[in-house]
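User: I've got this model open and I'd like to go through the labels people put on it. Can you walk me through the reasoning behind each one?

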Amino acid sequence: MDNKGTKRLETDRLILRQFKIEDAEDMYNNWTTDAEVTRFLTWSPHPDINFTKGLLEGWIGKYSEPTWYNWAIELKETGEVVGNISVVKLNERIEAADIGYCMGKAWWGRGIMPEALRAVIAYLFEEVGLNRVAACHDVNNPKSGRVMQKAGMTREGVLRAAGRNNQGICDEVWYSIIKSEFVR
């Protein structure tokens with residue numbers, strides 16, 4: 001395993017890159033203030049843009065750490081930042097990572113998040129040398145599970161009352177992919 005941090009990744013439609021402070025406006029306007037976007041997440045909608053800027057300052061300060069993986073999802077066509085995808089838990093002992101993601105609802109259903117997730121999975125396997133990538137969603141948010149399926153992940157099962165989000169304690173549906181199953 002060779003931690004390399006948040007490196008720029010490109011797909012057909014997306015640039016996955018490090019956040020910049022200038023992304024605060026897109027972030028604030030496109031997803032961090034939307035109660036529908038944050039419904040199944042662990043953080044509440046941002047109260048104002050200064051909160052978003054403060055969060056970004058913290059994130060940006062961590063980019064020098066090789067174990068910090070947090071990408072802005074930028075649309076190539078417009079340059080607009082529409083979401084983010086990150087490693088929320090890294091377990092170096094077993095060469096595994098858990099991924100989290102969110103995106104503005106104006107871009108839901110367009111295949112953007114599966115495209116971003118596939119790129120991150122490829123990077124984590126091919127460049128970082130992980131053996132396992134996993135993600136979970138609230139059982140009441142099956143569309144997030146479809147993202148994981150489209151990215152080639154396999155449903156492992158449900159952990160009952162294993163998580164907490166803005167809806168309270170929830171059942172988590174877990175998906176994963178291991179390196180030997182990965183096909184670019």
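**Reasoning through the labels**

Analyst: Sure. Keep in mind that this is a predicted model. A good place to start is leucine 117, which touches Ile85, Ile99, Tyr101, Val147, Met148, Ala151 and Met153, leaving aside residues up to four places away in sequence.

User: What makes those residues count as touching leucine 117?

Analyst: Contact means heavy atoms within 4.5 Å, and Ile85, Ile99 and Val147 are among the residues that leucine 117 touches on that basis.

User: Which residues have the most contacts inside the largest nonpolar core?

Analyst: Ile99, Leu117 and Leu124, in a core of 38 residues. Elements giving two or more residues to this core include strand S4 (81-91), strand S5 (96-103), helix H4 (112-128) and helix H5 (142-150). H4 supplies the largest share, twelve residues. There's also a second, separate core of 13 residues, with Met27, Trp31, Ala72 and Cys102 among them.

User: Why is H4 called oblique to H5?

Analyst: The two helices pack at an angle of about 45°, with their axes 8 Å apart. Under 35 degrees would be roughly parallel and 65 to 115 roughly perpendicular, and an angle that fits none of the named ranges counts as oblique. That is why H4 is oblique to H5. On the H4 side the contact is made by Met113, Pro114, Leu117 and Arg118, and on the H5 side by Val147, Met148 and Lys150.

User: What is the handedness of the crossing where H4 passes H5?

Analyst: Right-handed.

User: How do you know that S3 and S4 pair?

Analyst: Pairing takes at least two bridges between the strands, and five join S3 to S4, so they qualify. They run antiparallel, and glutamate 74 has valine 81 in S4 as its bridge partner. Five residues lie between the two strands in their hairpin, where glycine 79 in the turn has a positive phi of about 80°.

User: What about S4 and S5, how many bridges are there?

Analyst: Eight, again well covered by the rule of at least two, so S4 and S5 pair as well. These strands run antiparallel, and lysine 89 stands opposite aspartate 98 in S5. Their hairpin has four residues between the strands, and glutamate 95 in the turn has a positive phi of about 55°.

User: And what joins strand S7 to S8?

Analyst: Eight bridges join strand S7 (residues 154-165) to S8, and the two run antiparallel. Glycine 163 has cysteine 170 as its bridge partner in S8, and a hairpin joins S7 to S8 through two residues.

Note on methods
Residues are numbered from 1 along each chain as its sequence is written. This is a predicted model: local features need pLDDT of at least 70, side-chain atom pairs count only at pLDDT 80 or more; totals for chains, interfaces and linings use all residues. Side-chain values use heavy atoms; hydrogens and water are left out. A nonpolar core is a set of buried Ala, Val, Leu, Ile, Met, Phe, Trp, Tyr and Cys residues joined through side-chain atoms within 4.5 Å. Buried means under 20% relative accessible area, exposed over 50%, partly exposed in between (1.4 Å probe, protein chains only). Axes are lines fitted to C-alpha atoms, for helices over the stretch in contact, and angles run from 0 to 180 degrees between N-to-C directions. Angles under 35 degrees count as roughly parallel, over 145 as roughly antiparallel, 65 to 115 as roughly perpendicular and the rest as oblique. A crossing is left-handed if the near helix is turned anticlockwise from the far one by less than a right angle, and right-handed if clockwise.
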